[in-house]
Amino acid sequence: MSRIQFDLPGHFVFSTQIQIYISHVNQGGHLDNAQLLTLVSEARVRFFKSLGYRESNVAGCPIVVGDLVAQYKSEGFHGETMRVRMLPQDFSRCGLDLAYCMDCVDTGREVARGKIGIVFIDPATRKPADVPPVFLAQLRALAPLS
C-alpha cells in the first residue's frame, strides 16, 4: 500500500499552541486519529478568529471542510503541548487549502502534517461561492498567495 506523502511549505503565517488532554488519547496511550482532527479543527477555528472571522461568516460566507489530509510523523502523548502552524495555499475559485504542521513544543518532534480543504458557501443557495475578495486581500497582507 502506498503511503500519503505531503511536503511542508517553507513558511507558515499562523501558529497556535494546544495541549493534548486525556480525552485526546486512545487505548494505545497516544493521540487518537479522530482527536488529531479535533486539534487541527481547533487550530483552524483559531486561524480564522485571528483574522476577525467565525467559520459561520468569513467575509459574508460560511465555510465547510471539503477534504482533509493527515500524515502522521510520530506519536503525541497526554500532557504534551502541540504547536500547530498553518498557511493558506492552493487557491481556487471557491476555496483554498490550509497546510498545517503539528509538533511538540518541548521537543520539536513533528507529530503530523497535512492540509484542510476549505470551501466557501453562498448563504442563500448553500452552494459553493467565490472566495470573498476582502478575505483574499487580508491573506495577501500576511504573505504572497500561492
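Two strands are said to pair if DSSP finds at least two bridges between them. In this predicted model, E4 and E5 meet that condition, since nine bridges join E4 to E5 and the two strands run antiparallel. Within this pairing, Met102 stands opposite Ala112 in E5. The connection between the strands is a hairpin with five residues between them, and Gly108 in the turn has a positive phi of about 80°.

Confidence in the prediction may be considered before the description continues. The chain averages a pLDDT of 95, and 98% of the residues score at least 70. Among the elements of the chain, strand E1 has the highest mean pLDDT, at 98, and helix H2 (residues 133-142) the lowest, at 91.

The hairpin of E4 and E5 belongs to an open sheet of five strands, in the order E1-E3-E4-E5-E2, with antiparallel pairing. Its edge strands are E1 and E2 (63-72), each of which pairs on one side only. On average, neighbouring strands of this sheet are turned by 25° against each other, direction ignored. Helix H1 packs on the sheet and touches E1, E2, E3, E4 and E5; the direction of H1 makes about 135° with that of E1.

At one edge of the sheet, E2 and E5 pair in the antiparallel sense over nine bridges. The bridge partner of Val65 in E5 is Ile118. Strand E5 is mostly covered, as nine of its eleven residues are buried.

At the other edge, E1 pairs with strand E3 (residues 81-89), again in the antiparallel sense, over six bridges. Two of the facing positions can be located by residue: Phe14 has Met86 in E3 as its bridge partner, and Ile18 stands opposite Met82 in E3.

Which side chains of E1 are buried, and which are not? In a regular strand the side chains alternate between the two faces of the sheet. Strand E1 (residues 14-19) shows this alternation: Phe14, Thr16 and Ile18 point to one face and are buried, while Ser15, Gln17 and Gln19 point to the other face and are not buried.

A residue of H1 makes contact with this edge strand. Arg46 lies in helix H1 and, not counting residues up to four places away in sequence, touches Phe14, Thr16, Gln17 and Ile18. Arg46 has a relative accessible area of 28%, so it is partly exposed. The C-alpha atoms of Arg46 and Ser15 are separated by 9.1 Å, although the two residues are 31 apart along the chain. Another residue placed in helix H1 is Ala34. With a relative accessible area of 40%, Ala34 is likewise classed as partly exposed. The C-alpha atoms of Ala34 and Gly114, 80 residues apart along the chain, are separated by 14 Å.

Helix H2 can be described by its two sides. The buried residues of H2 are Phe135, Leu136 and Leu139. Seen down the helix axis, these buried residues fall within an arc of 100°, and therefore they line one face of H2. They pack against helix H1 (33-50), E3, strand E4 (95-104) and strand E5 (110-120). The face of H2 turned away from the buried side carries the exposed residues Pro133, Arg140 and Ala141.

The cysteines remain to be considered. A disulfide is a covalent bond between the sulfur atoms of two cysteines. How many disulfides does the structure hold? The count is zero. Cys94 is in no disulfide, and the nearest cysteine sulfur, that of Cys61, is 9.5 Å away. The cut-off for a disulfide is a pair of cysteine sulfur atoms within 2.5 Å. Cys94 counts as buried because its relative accessibility is 13%, and buried means under 20%. Cys101 is also in no disulfide; the nearest cysteine sulfur, that of Cys104, is 12 Å away. Cys101 has a relative accessibility of 1% and so counts as buried.

Methods. Residues numbered from 1 in each chain as written. Heavy atoms only, no water. Buried < 20%, exposed > 50% of the residue type's maximum accessible area, 1.4 Å probe, protein only. Helix = DSSP H or I, 4+ residues; strand = E, 2+ residues; numbered from the N terminus. pLDDT = per-residue confidence, 0-100. Arc of directions from axis to C-beta. Contact = heavy atoms within 4.5 Å. Axes fitted to C-alpha atoms, helices over the stretch in contact; angles between N-to-C directions.
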